Amino acid sequence: MATASIGSLLSDFWNHQLVDHDREAVFLVLLGFLLSFSFIRLSTRLMRSPKVPWWPGSIVSESGVHLHHLVFGIVTMMVAGVIGFADHGQTDWFLVAAAAFGVGIGLTIDEFALWVHLEDVYWAEEGRQSIDATVITAVSLALIMFGLRPFEILSDSPEALLGSLIAVAMVLAGVFVCLLKDRFLHALLGFFVWPIGLYGAIRLGKPGSRWAKKHYGERNPHKQVRSERRFRPDRRTERFKEWFRTVVGGGISPD
């Protein structure tokens, strides 16, 4: 009885929340992304653990060449993209391609820090950037799945087109300032909900951000002090972020 009830709920969710709104492909991208990221992160943590020596380790050739899993992610996205474009959304292969594309994103985003630093920092402090990128990607896909769009270009008339372009410029300007201030959450949400981006853009920047280096410091020591006080390393939100990064990504290597 319980199994039938769960099956009915899943069927209703798929048909009425996804299919009726043409969101099933984005949902499968999100699902594939979350499952692949969860699996590969669990796998890499088990490789490190002496408690599970039976877990398969990294594949390293005799020449010392290591094939990172982001390579498999990139190849998976390439194949899935070609299949998706070729299918034109006409058969179920389009949905298979969407799920595969999500799997590729998960494998690739898990090593996001390697994109930036061009070296193996997976278990280093810099590797925590991969966890941040994963959260940003998951939230973005979820927002898109629930129907939020960053902006819409209207071309019914020259006035509508001009208004749309002005609105897009305002959204991008707010997001850009948030990024300069290292307010990444405001930048992400502001991309979809413009007032949030505006709020983040007019608020205080973090002390180590590009904005602070240019506009605070000796130019405005009062704001520099306010920024350092506001974003001190031991504040509650920073402690929560570090706890979350450790729970999801594992500890930092002592090396």
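What follows is a short chat about a helix and some aromatic rings in a predicted model.

Me: What do I need to know about the numbering and the model?
Reply: Residues are numbered from 1 along each chain as its sequence is written, and side-chain values use heavy atoms, without hydrogens and water. The model is predicted, so local features need pLDDT of at least 70 and side-chain atom pairs pLDDT 80 or more, while totals for chains, interfaces and linings use all residues.

Me: Which residues of α3 are buried?
Reply: H69, L70, G73, M77, A80, G81, G84 and D87 (buried is under 20% relative accessible area, exposed over 50%, partly exposed in between, with a 1.4 Å probe and protein chains only). Seen down the axis of α3, they fall within an arc of 135° (directions from the axis to the C-beta atoms), so they line one face of the helix.

Me: And which are exposed on the other side?
Reply: M78, V82 and A86.

Me: What covers the buried residues?
Reply: The cover includes α2 (24-48), α4 (93-109) and α5 (112-117) (contact is heavy atoms within 4.5 Å).

Me: Rings now. How many aromatic pairs are there?
Reply: Five in the whole structure (Phe, Tyr or Trp rings, the six-membered one for Trp, with centres within 6.5 Å; planes under 30 degrees apart are stacked, over 60 edge-to-face, the rest tilted). In one of them, F191 and F192 have ring centres 5.9 Å apart and planes at 85°, so that pair is edge-to-face.

Me: Is F192 buried or exposed?
Reply: F192 is buried, at 10% relative accessibility, and F191 is partly exposed at 28%.

Definitions and conventions: Helix = DSSP H or I, 4+ residues; strand = E, 2+ residues; numbered from the N terminus.
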